[in-house]
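Thanks for sharing this one. Here are a few notes to read alongside the coordinates, in the order I would look at things.

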Amino acid sequence: MATFASSVIHQLSYPSLLLIISIIALAALRRLNRKRVTAAMPPGTLGLPFVGETLRLIKAYRTEDPEPFADERIRRHGGRLFTTHLFGERTVFSADPEFNRVVLGGEGRIFEGSYPSSMSTLLGRHSLVLMKGALHKRMHSLTLTRFASPAVIRSHLLPDIDRVVRRNLRSWPASLRLLDQAKKITFELTVEQLISQGPGEWTENLRHYYNFLIDGFFSVPLPSFLSFTTYGRAIKARKKVAEALMELVRRRKEEKMAERSKKKDMVDELLVAEEGFTEEEMVDFLLALFVAGHETTPTIMTLAAKFLADNPSALVLLKEEQNEIRRKKTDEFEALDWNDYKSMPFTQCVINETLRFANIIGGVFRRAIADVHFKGYTIPKGCKVFASFRAVHLDSDYYEEARTFNPWRWLNHNNNFSKDGGQEAGGAPIFTPFGGGQRLCPGYELGRVEISVFLHYLVTCFSWEVAEKDKLVFFPTTRMLKGYPIHVRRHHSL
């Protein structure tokens, strides 16, 4: 037998022999990987060595229908928790709202934030996303006070939102990419609200570099001296943004010392904070808040317009609601006020359904900092988890015809808007578009107001039609691939 094996080996060419050895090694590694999913962990497979199932996930999320990635594994393993291997690490994927509540509520006790290194570097170590403990609670509270308080939004922010939205829509050309225009609106709003800077060359330069910075969040963090790569360009852009914000912080500090500054914005709050923040800490904090305001809200604006155009009956009802608000105004150019915002129940249904259906924030990565026990499983300390909001939002066990856009689902039996749909699973909320727990998005109410004002002027002053075929994708972020190109026709002045 040994002689026969030796003769076969001698007859094989070197490349053939290498191929056979590689196949055997690959099979052995896959068996080893499967064994690493211990009996106590949720069932699953780790996919290919090193790569895991990352490429399969990316392939699915670059299509308009990424659901099969989770659906197939949930069906195969018989539960809403399964183990996989994503972005270089063993990961427990959760489509279970009860486990997601444990993840979101366990911040600082059994879980902590875990983000790609590219994102951490670009945001800066003092950003709100990466802060932990008492400092995170303090800064999260400060941000909530400035941007989530109904009193502040009603008296200070809503008038600015109305003015900035109208100013931008007045200059719209006949053909445009809606996502680009929406980003311009929200960036100008964020700049005014955070640092009291109006539109102009400085703001446009900052926005230009921000676009490069954000492109690098989910890129491969190759050495930064490779400036031709997406990550390299993002690193250079971050330096430019940080320099601009540092110059502004220093100027404002001098004005404060000379008692010449009468501004009351986020920079002012940071300068007088009892924590005594360094300039670097203030720059990182501001930079991350710009990112939060620049990405999610304009995408929701764009997708709401797309879904309305795709669902004419919803568009008709929303137009009726907004036209009624406009008819009650004594002056056709009168700004929207808080009472108007509170008179938009169906608009809020459309916003909720856009959040549920599109899932701008598809989920969150966390890392276990202690062994976590759940429904007979043990997620070991150090293991990464992904709490998928998308998988819950599109689960037919929780929403009737879950994969159909239906804003009417948010009306209760009295035809009033229900903000969370009143639905829970095992006591856990199933609608979590803004996260939850200590990491609840602090700008969630402000974002709703901005989207509502935008939709008001869009449907009362314009009609639109698709200019070229576009595609909704979900990796690295949820967006229209071409930015939703449309032709617009103005019907009323702004």
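1. Let me start with internal space. In this predicted model, the structure holds 1 cavity of 30 Å³ or more. The volume of the largest cavity is about 30 Å³.

2. Which residues line the largest cavity? They are Met131, Met139, Leu270, Phe277, Glu281, Met282 and Phe285. By character, the lining divides into 6 nonpolar residues, no polar ones and 1 charged. Helix H13, spanning residues 279–310, supplies the largest share of this lining, with 3 residues.

3. Next, a look at an arginine. Arg166 belongs to helix H8, which covers residues 150–170. Is Arg166 buried or exposed? Its relative accessible area is 8%, so Arg166 counts as buried, the cut-off for that being under 20%.

4. As for the surroundings of Arg166, its side chain reaches the backbone oxygen of Phe333 at 2.7 Å. Setting aside neighbours within four places in sequence, Arg166 is in contact with Phe333, Glu334, Ala335, Tyr457 and Leu494. Phe333 is thus a good residue to display together with Arg166 when you check that polar pair.

5. Finally, an annotation. UniProt lists Cys441 under "binding site", in an unreviewed entry. Where does Cys441 lie? Cys441 sits in the loop between strand E10 (428–429) and helix H18 (444–461). With a relative accessible area of 27%, Cys441 is partly exposed, because that class runs between the 20% and 50% limits.

Terms used: Residues numbered from 1 in each chain as written. Predicted model: local features only at pLDDT ≥ 70, side-chain atom pairs only at ≥ 80, totals over all residues. Heavy atoms only, no water. Helix = DSSP H or I, 4+ residues; strand = E, 2+ residues; numbered from the N terminus. Buried < 20%, exposed > 50% of the residue type's maximum accessible area, 1.4 Å probe, protein only. Polar contact = N/O pair within 3.5 Å; in protein donor to acceptor, adjacent residues only side chain to side chain. Contact = heavy atoms within 4.5 Å. 1 Å grid on protein atoms, 1.4 Å probe; cavity = no way out; pocket = protein on both sides within 12 Å on 5 of 7 lines; lining within 4 Å. Points joined across faces, edges and corners; volume = space filled by probe spheres on them. Nonpolar A, V, L, I, M, F, W, Y, C, P; charged D, E, K, R; others polar. UniProt positions renumbered as here; feature names shortened; annotations may be inferred.
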